[in-house]
Every structure is written in structure tokens, then in C-alpha cells.
Amino acid sequence: MCGIVGFAGDQNAAPILLEGLKLLEYRGYDSAGIAVMNEGKIALTKSQGKIANLCEKTQDGTTMPGFIGIGHTRWATHGAPNDTNAHPHLSNDGKFAVVHNGIIENYMALREELTAKGFVFKSETDTEVIVNLLELYYKGNLKAAVMKTAARLEGSYALGVACADFPDRLFAVREASPLIIGVGVGENHFASDVTAIISHTRNVIYLEDGEFAELTADNVTVYDCMGNAIEPQVTRISWDIEAAEKGGYEHFMLKEIMEQPRAIKATIEPRVKDGRIVLDDFDMTEEQFKNINKILITACGSSYYVACAAKYMIEQLCRIPVTTELASELRYCDPIIDERTLLIVLSQSGETADTIAALKECKARGARTLAIVNVVGSTIAKLADNVLYTWAGPEIAVATTKAYTTQMAVMFMFALYAADKLGKLDNAEYDRLVCELLLLPGVVQRAIDLSSDIPELAKKYYKTRSLFFIGRNVDYAICLEGSLKMKEISYIHSEAYAAGELKHGPIALVDDKTLLIAAACYENLFEKTLSNIKEVKARGAEVLGIALEGNRAMSAEADEVLYVPRTEPMFNAIAEIIPMQLLSYYVAKENGCDIDKPKNLAKSVTVE
Ligand code: G6P
């Protein structure tokens, strides 16, 4: 949510800042701006809309000479997305420029205080108080002004600060919003995430909350919140820029859907050694496992829907009660948690504000915590007692696909691992399930191959204005994600319902204009869902069924059918989502939607 970049080096900053902002555009894209230091002054250009507008306005940065600068791509929180509210913001005296990601919770009080002192505010943003506090506290010592300003701020922020009096340096400050420093040769960078700087350097410092950094072209100094210089840990990033490029696909989303077999393989295979699941990063002993009497899984968005599906499998294999709770709810519901609770937190970005807050809340109540995260070094990865990474690689499209399925793969592994520790599986069954697990990349590839009719189907359905997804148990959990995908990228109103609940209300909306997508990939529940299909068919609805390969009964009832490969039923979920992802993609494409950057959304939601 909002992306920030900064560059200090020996070449023009503006083109590098614009390039970084393009790579961060998934974080927000309603307006953007850059500020560049030139001849002792700060030059500023801002533009409503996507980065392309800013590129046009600055002729790809060529109209803004200068070697040091900061940039921002915005996802509006305070004030409409327009040029005035776009970052960077300048102080009243024009000496300071600031870019900000996060929310300053006490900005109203600060604004009143500064207004009383004669400061004038031009924008509606919370950020403008920061830049004017810098002016207020600046007495010739920039570092001191940065520290005094940070001490007044409540909330979350990653800040980039430029000051005209110090044209060779930038400050970057972190509190509860992601911020990394890229350490180069003769140039240094900061950014909201690694994607923005990976083409310049692979050496990265992950700032901790309360830390700040001073960057010149040749030097990076990291300070703790008291202003003491500290020795930062420099991490080497192993993936390269190709992983964050489209590689010939029209959209990142399609590329990432197609990458799923590889991502799942990368997530599973290294963790199976001599036929056994080895979770190196998870050090719970058998005794500690047996002491657990409840598992609570929390997350937001698609990650939460992984939790909904995983619940069934963990309970089936481990016979431990599993509850799922949305992170935004969990943090305020006074949860019943103690040392015997295992909290599992799922997050692609590792930076989702509500998930972080829920994790902190449960930790404080004594829960043991395990995070399943895609972004190495992210806040959630650092906060949890243990972390298992999904090796999906960078995911750029706002609507998640490969992060979702790799999270699912990790949950499968966790369930098997836990069931084994708890003595719930005999050796033969354990071995069989591990073999099935290793087959999953191929199963997902088969699911992609079976989806070749979807571009045509999308032509039939793209004008639908309202649709339902129905299913039971895991089918229902997958429908939640399928329905979210559809509304996120195609803007078609879509709801997922537990199939049995349809007759308790939603069926009132069903008529001959309704499209109903019915997932029925579990044979024990197939007949039940089929009855629900008949109920809506009787009311004129069009039905698209999703069933296991070879199932004939579905084609007898549904108007159209998409097939999913047969696998160990417990692992069906991972293949079942594939046709739903592809259908959403092609329906959105038929509707001419901006698939990788859907309106109003952001990939990393770092505000509450
Ligand atoms: C946003 C994204 C979703 C994602 C959710 C949770 O809403 O658009 O795709 O599922 O945040 O994000 P996380 O990074 O915690 O998985």
C-alpha cells in the first residue's frame, strides 16, 4: 500500500526512481511523484493516475536533472487521488520533501498544533504534518530533526526524507511499514520492497521498526531509535529481475498462474528428504505438539481462504480442533488463547497490517506462533516464533495466484508433519500421502492443461453481472477464493455460498440471468451439491460445474463443465482453484479490465 523509493548515486536519479516506482506500482497506483535535488533546491513533479502519466510529464525523468531523489506511488488513504495529495510533500519553506507509506494516527492533533504555529497545509494527507514537523525541528542538524519528528509520530510509517541543505544525502525511517536499503557500489537505494532495486543491487538491509538510515552515494549508516550507529546485517537476494518481469505473457497474473507447478515444486521438494517431511525451520518437539489443544489460523484476503481449506485437512489428519479467524476480526475479539494454542499466520507479503496486529495480540496471550510467508525478511516472518517460507518467488499481480497455491502446499505439509508427530498416521499411510504430495506439481500442470476451453467459455460469460459460487466443505472454501478472484479483477458481483445455504436466502436472487458456478470435486458430497444444482436449474440459472476428470453425472446436469485432475482427495483443493483463476482472468480480459492492477486494490495492505 503505497510504494516509496530513494536513490543517491552518481547518475540522474529521476529515471531510476521512475523505474523503481513502476516495479512498485502493484502497491498503489492512483497518483505518483518524484522529488530530485538540483543545485541546492528540490524540484518536484507529481501526477494523478499511473506512473505512465508521471513518465510522460517528466519525459521519462529527463526534465529533472540531479543525482539524489525520492519517489512515491500512492494508494489513497487521506484525501482524494489528485496532484495535490500525491507525494512527495514539501515543507512550507520548500526545504524538505517527504514520501510516506503508512498512516499517521495522530495527524489531526499535529496538524492543529502546526497550524497554530503558522504552518499552512495544502493537501488533505496525514503526510504533510511530517514534512512540516521537520521544518519546525530543523536547526541545522538534519539527523536530529528526523529523530525529533519520528518521536512525535504515532502509527505506521516508512519515510523517505530529502533536505535542500544536504544535497548529497537522504534519510529513510521505518516504523511498522516495510522498508529496505539497497547497498550498491557508488550508489545506494531505499524502497518499500526488493523488487524496486533488484536490477541495481542484490545486497539488502532490512530495517527494523524504530531504525533509520542515512544514505549518500558512497555510504549507508543505520541508526537505532536513539540515534546510535549500528552494524546492519546485509542479506544477499538470490532471485533476479527476470522473476519480476512478464516473460512474454500479456499479464503478470497469467504468468503467475502458469508458474504454479514450478512454484509448488520449489516449495515442496526441498522439504521431503528420504521420504520424510523435514521442516527445518519449525522446531516444535513431539512433546510440544502433544501439548497443543487448539490450532487457530488467521490471515486476510486470499490467505484467509487458504486457512478455510486447510482447516478441513488438519482436523481430518490430526484430530485437533482448528478455528479460522479473519485477522481484522481476531485482533478485536478478545480471543481465548493460551500457551496450548498454536497460532498459524498466513501472509504472502508478510506486511499486512491486520495480520501483524493479530499475531502480536495472540503472542502476547501466550500462543506459540508459526508464520507461513512468501517475502523473506518481512515483518511477520520476523515476529513469529517460526517461519515456513512459500518459495513462490515474487508475485507482482495484485490478485494472488501462486502465493495462494504455495501456501496451500505448505499447509498440506504442515498437516502431514503434525499428524506424524502426533502419532495419528501409520507408516504406510504416511508414505502414501508423501508420495501424493510430491505428485502435486504435475497435478497442477494437468489442471492447467485441462483448462484450455476457458478462453472460449469466458466469451460466453463475460457479460454476466452477478454470479454465485457454491460448494460444500473444501469445495466451499475454494469457492470463496474463486469468487474473490472474479470480483477483484473483473468487477463482476460475485458471492460464494455453502451449497446447502443457498435455499436460506440467496436463491431468491436466482433467475435466468444468474450464472452459478458449482464446485463438486469431493465424491462423498457430490450428490448433495448436485441436488443444489438441480434447484437452481429449475429456476432458470445457467450452471458451470467443476468436477473431477471422468465424472459424467455433472455434464448431465450442468450447462458447461470444467474438469480437474483426480488426486488424493485431501489435496484436491490445490488443483480445483486453477480453473477458477483462469476463468476470472479470461472474463476480466474480455471485459477489458486492468488485470494486474485492479481499481481500488493494493497488493500489500499495510494500513488497518
Ligand atoms: C490484499 C491482496 C490479496 C491478499 C491480501 C492479504 O488484499 O490484494 O491478494 O490476499 O491482501 O495479503 P497477504 O500479503 O497478507 O497474504
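A residue counts as near the ligand if one of its heavy atoms lies within 4 Å of it. With that cut-off in hand, here are some close-up views of this predicted model.

**Figure 1. The shell of residues around the ligand.** Welcome to the ligand site, where 14 residues surround the bound molecule. The closest of them are Ser-303, Ser-347, Gln-348, Ser-349 and Thr-352. Helix 9, which runs over residues 301-318, supplies the largest share of this shell, with 3 residues. Sorted by class, the shell holds 8 polar, 4 nonpolar and 2 charged residues. As for its setting, the ligand sits in the second largest pocket.

**Figure 2. Short distances between ligand oxygen atoms and the protein.** Zooming in on individual atoms, we can look at three residues in turn. In the side chain of Thr-352, an N or O atom is 2.5 Å from an oxygen atom of the ligand. The side chain of Ser-347 also takes part, with an N or O atom 2.6 Å from a ligand oxygen. Ser-302 uses its backbone instead: a backbone N or O atom of this residue lies 2.9 Å from an oxygen atom of the ligand. On its own the ligand has 390 Å² of accessible area, and the protein covers 90% of that.

**Figure 3. The largest pocket.** This view turns to an open space with a volume of about 770 Å³. Its lining counts 41 residues, and those closest to the pocket centre are Trp-239, Asn-374, Val-375, Val-376 and Pro-394. Two elements give two or more residues to this lining, namely strand 15 (234-236) and helix 7 (260-268). Helix 7 gives the most, with 3 residues. The lining of the largest pocket is made up of 18 nonpolar, 12 polar and 11 charged residues.

**Figure 4. The largest cavity.** Next come the enclosed spaces: a search of the whole structure turns up 3 cavities of 30 Å³ or more. The largest cavity has a volume of about 80 Å³. Among the 15 residues that line the largest cavity, Cys-2, Thr-77, His-87, Gly-102 and Asp-126 lie nearest its centre. Strand 6, covering residues 96-104, gives the most to this lining, with 3 residues. By class, the lining of the largest cavity splits into 5 nonpolar, 8 polar and 2 charged residues.

**Figure 5. The second largest cavity.** Here the enclosed space amounts to about 50 Å³. Its lining includes Val-5, Gly-6 and Phe-7, along with Ile-16, Leu-17 and Gly-20. Also in the lining are His-189, Phe-190, Ala-196, Ile-197 and His-200. The elements that give two or more residues to the lining of this second largest cavity are strand 1 (3-8), helix 1 (13-24) and strand 10 (188-191). Charged residues are absent from the lining of the second largest cavity, which has 7 nonpolar and 4 polar residues.

**Figure 6. A cis peptide bond at Pro-88.** For those who enjoy backbone geometry, this close-up shows the bond that joins His-87 and Pro-88, a cis peptide bond with omega of about 0°. Pro-88 is placed in the loop between strand 4 (68-74) and strand 5 (89-90). His-87 may look familiar from Figure 4, as one of the residues that lie nearest the centre of the largest cavity.

**Figure 7. A positive phi angle at Glu-39.** The last view rests on Glu-39, a residue other than glycine whose phi has a positive value, near 50°. Glu-39 lies in the loop between strand 2 (31-38) and strand 3 (41-48).

Terms used. Residues numbered from 1 in each chain as written. Predicted model: local features only at pLDDT ≥ 70, side-chain atom pairs only at ≥ 80, totals over all residues. Heavy atoms only, no water. Polar contact = N/O pair within 3.5 Å; in protein donor to acceptor, adjacent residues only side chain to side chain. Areas by Shrake-Rupley, 256 points an atom, 1.4 Å probe, with all protein chains shown as cover. 1 Å grid on protein atoms, 1.4 Å probe; cavity = no way out; pocket = protein on both sides within 12 Å on 5 of 7 lines; lining within 4 Å. Sits in = over half its atoms within 2 Å of the grid points. Helix = DSSP H or I, 4+ residues; strand = E, 2+ residues; numbered from the N terminus. Nonpolar A, V, L, I, M, F, W, Y, C, P; charged D, E, K, R; others polar. Points joined across faces, edges and corners; volume = space filled by probe spheres on them.
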